[in-house]
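The exercises below ask you to read a structure step by step, and each one is followed by a worked solution. Try each task yourself before you read on.

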Amino acid sequence: MHNVPGRCATIVRTNGQTRAALDFATPPLDLDHRDQAAQRALVAEAFRGVGWQLPSLLAAMDSAEDFYFWQAAQVVLPRLSSGRVALVGDAGYAPAPAAWARGSGWSGRTCWPPSWPRPPTTTQPPSTPTNGG
């Protein structure tokens with residue numbers, strides 16, 4: 001992983017495959033979701049001159065058959081609940097658009113409102129039924 005202000009490059013190797021994710025901050029984009037050439041150009045421009053492994057990652061991006069471009073966004077709400085409905089965990093207060101369920105759900109459970117019934121506490125993992133009962 002390599003971070004510079006407003007940009008992050010991540011390389012991950014799993015199951016014998018190496019993948020890269022290139023994330024960067026930008027104002028809202030008016031970009032055709034079908035125009036991969038424009039998307040690739042935007043990513044290349046965002047990471048131009050960053051150094052690290054970026055020149056080789058950008059070169060690989062040009063020929064990648066599984067290129068995927070996605071605009072992430074964070075929605076900020078004036079409140080997280082209304083009546084008996086509440087957004088909790090990452091749905092309600094993810095620390096960043098790319099947090100991807102990294103712990104805020106557990107934080108929410110430990111900050112359980114005093115007026116709500118307490119969930120059961122256990123130190124044992126849930127039992128897993130086996131075939132036949």
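**Exercise 1.** Is arginine 19 buried, partly exposed or exposed?

*Solution.* Before starting, note that this is a predicted model, in which local features need pLDDT of at least 70 and side-chain atom pairs count only at pLDDT 80 or more, while totals for chains, interfaces and linings use all residues. Residues are numbered from 1 along each chain as its sequence is written, and side-chain values use heavy atoms, with hydrogens and water left out. Next, recall the classes: buried means under 20% relative accessible area, exposed means over 50%, and partly exposed lies in between, with a 1.4 Å probe and protein chains only. Because its relative accessible area is 41%, arginine 19 is partly exposed.

**Exercise 2.** Find the salt bridges of the structure, and state which side chains meet in each.

*Solution.* A salt bridge is a side-chain nitrogen of Lys or Arg within 4 Å of a carboxyl oxygen of Asp or Glu. The structure holds 3 salt bridges.

- Arginine 19 meets aspartate 66 at 2.2 Å, N to O. This pair links distant parts of the chain, 47 residues apart, since arginine 19 is in strand E3 (residues 17-24) and aspartate 66 is in the loop between helix H2 (54-63) and strand E4 (81-82). Here helices (H or I, at least four residues) and strands (E, at least two) are DSSP runs, numbered from the N terminus.
- Arginine 34 meets aspartate 32 at 3.2 Å, N to O; arginine 34 counts as exposed because its relative accessibility is 63%, whereas aspartate 32, at 37%, counts as partly exposed.
- Glutamate 45 meets arginine 48 at 2.6 Å, N to O; glutamate 45 is partly exposed at 47%, and arginine 48 is exposed at 56%.

**Exercise 3.** Describe the surroundings of arginine 40, a residue of helix H1 (residues 36-47).

*Solution.* First, check for a charged partner: arginine 40 is buried yet has no salt bridge, and the nearest side chain of opposite charge, aspartate 62, is 5.3 Å away. For this purpose Lys and Arg count as positive and Asp and Glu as negative, while His and the chain ends are not counted. Second, look for polar atoms: a polar atom of the side chain of arginine 40 lies 3.2 Å from the backbone oxygen of alanine 64. Third, list the contacts (heavy atoms within 4.5 Å): leaving aside neighbours within four places in sequence, arginine 40 touches Met61, Asp62, Ser63, Ala64 and Phe67.

Note on methods
A polar contact is a pair of N or O atoms within 3.5 Å; within protein, one must be able to donate a hydrogen and the other to accept it, and residues adjacent in sequence count only if both atoms are side-chain atoms.
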